[in-house]
Amino acid sequence: MTPAPAEQFALRLHKVSKAFGGVQALNQVDFEVRAGEVHCLAGENGCGKSTLIKVVTGVHQPEQAGLIELFGEAVDRITPVQARQRGVSVIWQDLALFPHMSVAENIAFDDLVGLRPQSVRYREMVERSGEVLSRLGVTMDLAAPLNDLPIAQRQVVAIARALMNDARLIFMDEPTASLTQSETDRLLDIVRKLSAAGVAIVFVSHRLAEVLDIAERVTVVRDGNLVGVYPTEGMTQARLGELMTGHLIEHEVVARDLPDADVVFEAKGLSRQGEFADVSFDIRAGEVLGLTGLIGAGRTELAHVMMGLRPADTGEMRLEGASYRPGSIRDAIKRGLAYVSEDRLSLGLLQKQSIADNTVISILQKLTTATGLISDRDKAATVNHWIRELGVKIGSPEDAISTLSGGNQQKVVLAKWLATEPRLLILDSPTVGVDVGARAGIFRIVRTLAEEGLAILLISDEVTEVMYHSDRILHMADGRIRQTYDPRDITVPQLEERIYA
Amino acid sequence: MRDLLRPYKIELRLAVVLALICIALAVAAPQFATLPNLTSLLNNSAVNLIWAVGLLVVLIAGGIDISFAVASSVVQYIAAKLLISVGGGNWLLGFLFCGSLGILLGLLNAWLIHGFRIISIVVTIATFNAFFGLLMFFSGGRNIYDLPDWWTARIFIFEYENAQGIWSELTLSVAVMIGCVIATWALIQRSNIGRQLYAFGDNPEGARRAGVNIAVMQGVAFGWMGLMAGIAGLCQVNIVKEVVPNALYGRELEVLAAVVLGGARLGGGKGTILGCILGVMFVAITQNGLNLLGVSPFAFQMIIGAAILIAISTSNIDLSLRPRRKEARS
């Protein structure tokens, strides 16, 4: 095999290593991205993906031995600014944009960085950022503060900012995590457009379907080691998941019939103006009911009504046969409902507080002693029980929750709600930002809980998720329940077709 | 036109409120809308506005400073001693000494904040106390009267005598104030350094990743505040013609209130010169109007407190009523 000429590569890493303290985050990793290629970097959380990006962009310095080549030139001790000047840009998951600045200034911001005083030319800024956006085929109000834009458009602003720096290699870290299906499609279109224009894209995503759709090749990293480089043609999601985790991820329909189980929750003709209409369904004890549909179909809104976060206009809810009309989320919790929200990071967890505090936050009154103070012993016992039960990987219960990976954070959210001893658990997009291996862990827990008799409403826009983990599937569209499916009678492609049609 | 005004929503609202107050005062208190009253309003606001633009820069960069008014006193005292020891000096030396002493005190704050990763409110409460304690200790609380002649000389940039023989004048401090306002506007609105200050205040981690030099930004923000505090101290001596160690103690909250009223965000990344001017004018005109109407000075404090609460709570309502969430999911 003859080696390709160097300039065909946007990036080449040869035996690059990086250790933090005693932990080998990257171990002699090789990684190549061809010019203009869409390349996926796949691996579980903590496998070394972020470290790799940070080494290439100069945030971290690699260890001596390795070799990094950018556009055919070896680089050594690069700084973030130098990386940018050489045409490498990163679109971080949090985008690193400035919420109170205008769209134009966000796009052109990097021109302003530096300590040599220069005057700001706003007109030129607006012109140039407008040009870049039109190259992406997007029009946007350039004077609007970034704050006013939906996340999908902020994502586009971040891409435009990278192009403004004449980026020829762009890393995108989980760009689709908070986008709807149609927004994701539009983003992928832009990625294809960039690739056709000769810009190499390294795409990091937990949504394997998307990865296989957009990328030409995928590099898999596990525990800091290179597993291999594979063409996406002929690759399946199951095989990719297996390569990432190192063990086979089972995908099989587990639906079962529960004719004898009691109905735990029942909704009849539930409506709320502008959100959903005439929604009727029931959930039995021990049942996992999948609720899927496009984002915006009214699924989360329905969950909010069930949890008493807002009232229904018309219709009726019954909980274990009795009328149920929650006036607040406290009512709902008292009656035995639990809700793992889609927005774990801001709503579900107190990021700066400890794992232990987060676990017991919703049951504090149960832990108080006669003196009205919290019993440390009961608290520790509760926390330890759930950490063991759910297999949360932690250092100490007193560590801040933000030190955990996405999957483990989600388990703590689960623990927090399970501690309230609910009879109905609502899981709203429980795997957003959670990697393949940890997803499997979470669904194992879901299955065990169901077998213990808990009723579970599983809301997800990933068809495979409801398909392989629920007993029945409700399809919701435009605020109405379209149909109920038995996972045993339908295939993933059939279901996808009906949802996306 | 709507586009041009959009970034100035808070300022626009404040301007409308201020105009209404002015009209009401002009009707209720005949002395209000007279030239002598308006010029004295400007003269009396000069020091506050110089501080305010300095503080604005700190707030934009995501910090806060409690120590600037006391820092001005420290600068006055040391500069007076130094100038007397070099035989009196002149305006140029005065600006040089006061400006550089002010910058030094500001950089001390910046160093403590950046070097030891302490939040700015804690650092500046500490330096506020330390500056004041040291000043009272070394000065023994004694005033300095025998200042160089140039420093206490009255210099007018505008004079007018009306038919009744009442003089209207604008003092040198007003000219200095205008200079400080323009310089600060150029820094934060027209220079790349200023835009980096906004970025740093808005999203510190994002700014760091973009390669913004955080240490320098802290230095610029607090150094600028210090420079303004030094200049304000110089001007205040020219107005009162003596150095009184505890004269400025307590003024910092009034200035902070004015800047926040003007729309500067305590979390950083937001605030304009226009809002800052309007905020200072709002505070000054309210005080002046209540005086003219013969209302107790305590009412003034109440009104400023209420105005801040109203301004901040209504600007939050603006935010939450925007149907952002819906838009995002359409």
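Okay, let's start with a spot in chain A where two helices meet: A:W386, A:I387 and A:L390 from α14(A) touch A:K411, A:L414, A:A415 and A:L418 from α15(A). Sorted by class, the residues of that contact come out as six nonpolar, no polar and one charged. Before I go on, keep in mind that this is a predicted model.

So how do those two helices sit against each other? Helix α14 of chain A covers residues 376-390, helix α15 of chain A covers residues 406-418, and they pack at an angle of about 125° with their axes 10 Å apart. That angle makes α14(A) oblique to α15(A). As for handedness, α14(A) and α15(A) cross in the right-handed sense.

Let me zoom out on chain A for a second. The domain assignment splits it into domain 1 (6-245), domain 2 (251-336 + 422-501) and domain 3 (351-421). If you take the C-alpha centres of domain 1 and domain 3 of chain A, they're 36 Å apart.

Now the sheets. There's an open one in chain A with six strands, running β6-β7-β8-β3-β9-β10, and its pairing is mixed. Why do β6 and β10 of chain A each have one side without a neighbour in the sheet? Well, β6 (88-91) and β10 (225-231) are at the edges with a single partner strand each, so that one side stays free of a neighbour. On average, and ignoring direction, neighbouring strands in this sheet are turned by 20° against each other.

At the β10 edge, the partner is strand β9 of chain A, residues 217-222; β9 and β10(A) pair antiparallel over six bridges. If you want a pair to click on there, A:R217 is opposite A:P231 in β10(A).

Chain A has another open sheet, this one of four strands in the order β12-β11-β14-β15, with antiparallel pairing. Here the edges are β12 (276-284) and β15 (322-323) of chain A; each has a single partner strand, so one side of each is left without a neighbour in the sheet.

Let's walk along that sheet. β11(A) and β12(A) pair antiparallel over six bridges, and A:V263 has A:R284 in β12(A) as its bridge partner. The two strands make a hairpin with three residues between them, and in that turn A:G274 has a positive phi of about 80°. Going the other way, β11 of chain A (residues 263-272) pairs antiparallel with β14 of chain A (residues 314-319) over five bridges. On that pairing you'll find A:E266 opposite A:R318 in β14(A).

Over to chain B, and another helix pair. Helix α4 (residues 68-85) and helix α5 (residues 91-115) of chain B have axes that come within 9 Å and cross at roughly 135°. α4(B) and α5(B) are therefore oblique to each other, and their crossing is right-handed. The residues that meet include B:V74, B:I78 and B:L82 in α4(B), and B:F97, B:L101 and B:L105 in α5(B). By class, the contact between α4(B) and α5(B) has twelve nonpolar, two polar and no charged residues.

Last stop: the two chains together. How many residues of chain B are in contact with chain A? It's 27 residues of chain B, against 26 residues of chain A. On the chain B side, α9 (192-202), α10 (204-209) and α15 (324-329) each give at least two residues. The largest share, seven residues, is from α9(B). And by class, the side of chain B that touches chain A has seven nonpolar, nine polar and eleven charged residues.

Note on methods. Residues are numbered from 1 along each chain as its sequence is written. Chains are lettered from A and ligands numbered from 1 in the order in which they are written. This is a predicted model: local features need pLDDT of at least 70, side-chain atom pairs count only at pLDDT 80 or more; totals for chains, interfaces and linings use all residues. Two residues are in contact if their C-beta atoms, placed from the backbone, lie within 7 Å. Ala, Val, Leu, Ile, Met, Phe, Trp, Tyr, Cys and Pro count as nonpolar, Asp, Glu, Lys and Arg as charged, and the others, Gly among them, as polar. Two strands pair if DSSP finds at least two bridges between them. Axes are lines fitted to C-alpha atoms, for helices over the stretch in contact, and angles run from 0 to 180 degrees between N-to-C directions. Angles under 35 degrees count as roughly parallel, over 145 as roughly antiparallel, 65 to 115 as roughly perpendicular and the rest as oblique. A crossing is left-handed if the near helix is turned anticlockwise from the far one by less than a right angle, and right-handed if clockwise. Domain bounds come from an automatic or database domain assignment.
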